[in-house]
Structures are given as C-alpha cells and as structure tokens.
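Here is my note on the model you asked me to look at, written as numbered points. Please keep the structure open while you read, and look up each residue as it comes up.

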Amino acid sequence: MADDFDFKYFRYDPSMVAAVLFIVLFLAITAIHIYQMIRTRVWIFIPFVIGGFFEWIGYIGRAICSTETPDWTLGPYIQQTLLLLIAPALYAASIYMMLGRIILLTDGEDHSMIPKRWLTKVFVTGDVISFMMQGAGGGIMSGESISAIHTGEKIIIGGLVVQLLFFGFFVVTGATFHMRMKRHPTTKILSESLPWERQLYALYGASVLILVRSLFRLIEYAQGNDGYLISHEVFLYVFDAVLMFGVMAWLAWIHPSEITARLGQGKGRAVRRVVEVYELV
C-alpha cells in the first residue's frame, strides 16, 4: 500500500439541497409504511421500516456534512456512510419473508426449490451475514489509517458480494416457483382468487432495484476512495437514493397486507371449523 494514499471523506462538496430532499422523501414514505404496518399488522415489515429510518437519518448525516465543507468531521461521515450502506439489507429481510408468505398462502411448497421451513432461514441468514460484514467494514474504515481503510473496503466488498449472491439466488427461487405454479397450479389457486402473482411481481420489482443498487455499490467500493463513482455525488443519488426510495414507494403501493390478510382469514376459518366440530361432538 502506498504511503501517500490520499484518503478523503468526500471528493466533492456534498449537496445540502439533495440531502434535504431525500430526508423529506424518506421521512414521508417511512411514515406511510409505519401506518400501513400498524393498521394491517404486517409485522414482517419491521426490518423494512427500520431500513427507512436508516435512510432518512443517513441523509441527515449528509446534510450535516454539507455544512462542514471542507473540514468534515468523522461522526456525520460515518453516520451517512454506514446507515445508507446497510439499509437495503433490512429491506431484503422483509422481502425474503414475503416470498414465504406467498408460498404458504398458495399451498405451493411443492413448487419451491427450498422447503418453506428453510426458505426464510436460508435467505435471512445470508442477509444477516451481509449486514454484519458491511457494518463491520464501515466501522473499520473509521479508523482512518491506510490499512484500516483498505481492510474495511475489502470487508464491505465481501458483504456486497454475499448480498448479490443471496439476492440473485432469491430471484431465481421466486421465478422458479412462479413458473412451476403457472404450469401446475395448486387447488388453492384454482378455487380462490388470490393476488399471488401481483405480489410476486412486486417482489421482482423491488429485487431488481436492490440488485442494481448493490451492484453499483460493489463497483464503487472496488474502485477505491479515489474512484470515479465515489468522486461524483450524482451517482449516489441516481443509483442509491432514487432506487431505494423506489423500493419503498413500490411496496407501499403493492403492500404485502394483501397476502397476510388472506392468511389471517384462513386461520380464522380453520378456528371456526374446529369450534363447529367440537360443538357437534
């Protein structure tokens, strides 16, 4: 490693206008998700909502950094770096659980590449590993020494690779389930009008946005602190802020409560059947 490596917090003057814009946008969409989650009791979206908090708090860090130019301090820099980096991993955790609910609703476990009881465990485990690696890498980079910076970058890159691999496999798993279900629909699908395909398309849309964002971040960190992507602020907003806001807006419009509400109705019917049998006895 070169002793003259020139590490800088930013290689541009962070925009206050852009940071404030996305603080407002992420605050608004997170508030909508909190309302939807509480009203419909979709508790699998708790990680997703926490990810929304990470986003707007992260952009507060960027707004603070914009007021410190050119004498940036470590606290706000780490705040915006870490929170914006790991927020999508929290979105992913909720998205993984959504597929499990779709498979449960459709009685489609036979069409899944992974048994339902392992599905969420496998993907959430990968997500946790990715989350921890990215968080640890960001924390190590705060040491500011040349060795710490390069070590942190390598760990973050590893975490992003893990995220891309697991998310890519998740998309393949969802698409395979979809194709098998179309070819051989279950009795549940044939007998009831279920929004399972609409929910799968919602997963595809959110997954593509997160995959593109994670690929951008991987290339950004692979280029290093003096790379082209990290040296131009516009790329962060186009390939991270806009895409992650898109994920939140997309899943606010096509909300998983469509699935969880049907599952709740199914449980209610099952309880009523048990009661009726008991009364007959």
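1. Let me begin with a pair of helices in what is a predicted model. Helix H2, made of residues 46-68, and helix H8, made of residues 233-253, have axes that come within 11 Å of each other and cross at roughly 150°. Because an angle over 145 degrees counts as roughly antiparallel, H2 is described as roughly antiparallel to H8. The crossing in which H2 passes H8 is left-handed.

2. H8 has a second partner to compare with this, namely H3, and the axes of H3 and H8 come within 11 Å and cross at roughly 25°. Since angles under 35 degrees count as roughly parallel, H3 and H8 are therefore roughly parallel to each other. Here too the handedness can be stated, for H3 passes H8 in a left-handed crossing. As a general habit of description, two packed helices are characterised by the angle between their axes together with the distance between those axes.

3. H3 deserves a paragraph to itself. It covers residues 74-106, which is 33 residues, and from its first C-alpha to its last it reaches 50 Å, close to the 48 Å expected at 1.5 Å a residue. Where in H3 does the kink lie? It is found at Ala-87, shortly before the proline Pro-88, and amounts to about 25°. As for its surroundings, 28 of the 33 residues of H3 are buried, so this helix is largely enclosed by the rest of the structure.

4. The loops hold some backbone details that a first reading can miss. Most residues other than glycine have a negative phi, and most peptide bonds are trans. Asp-107, just after H3, has a positive phi of about 55°, and this residue is found in the loop between H3 and helix H4, which spans 116-141. Arg-41 also has a positive phi, near 60°, although it is a residue other than glycine.

5. Is Arg-41 buried or exposed? The residue sits in the loop between helix H1 (16-40) and H2, and with a relative accessibility of 61% it counts as exposed, because the cut-off for that word is over 50%.

6. The loop between H2 and H3 is where Pro-70 has its place. The peptide bond leading from Thr-69 to Pro-70 is cis, with omega near 0°, so please check this bond against the general statement that most peptide bonds are trans.

7. On annotation, an unreviewed UniProt entry places the feature "transmembrane region" at residues 16-35, 42-61, 81-106, 118-136, 156-179, 200-219 and 234-253. Among these, the span 16-35 is 100% helix and 0% strand in the model, with its end C-alpha atoms 29 Å apart. The span 42-61 is 80% helix and 0% strand, and its end C-alpha atoms lie 30 Å apart.

8. Finally, the chain as a whole. Its secondary structure comes to 9 helices and 0 strands, and from the N terminus on the elements run α-α-α-α-α-α-α-α-α. Taken along the principal axes, the C-alpha atoms fill a box of roughly 80 × 35 × 30 Å. How much of the chain is buried? Buried residues make up 49% of the 281 residues.

Definitions and conventions. Residues numbered from 1 in each chain as written. Predicted model: local features only at pLDDT ≥ 70, side-chain atom pairs only at ≥ 80, totals over all residues. Heavy atoms only, no water. Helix = DSSP H or I, 4+ residues; strand = E, 2+ residues; numbered from the N terminus. Expected span 1.5 Å × (residues − 1). Bend = angle between axes of the 7 residues up to and from the residue. Buried < 20%, exposed > 50% of the residue type's maximum accessible area, 1.4 Å probe, protein only. UniProt positions renumbered as here; feature names shortened; annotations may be inferred. Axes fitted to C-alpha atoms, helices over the stretch in contact; angles between N-to-C directions. Parallel < 35°, antiparallel > 145°, perpendicular 65-115°, else oblique. Left-handed = near helix turned anticlockwise from the far one by under 90°.
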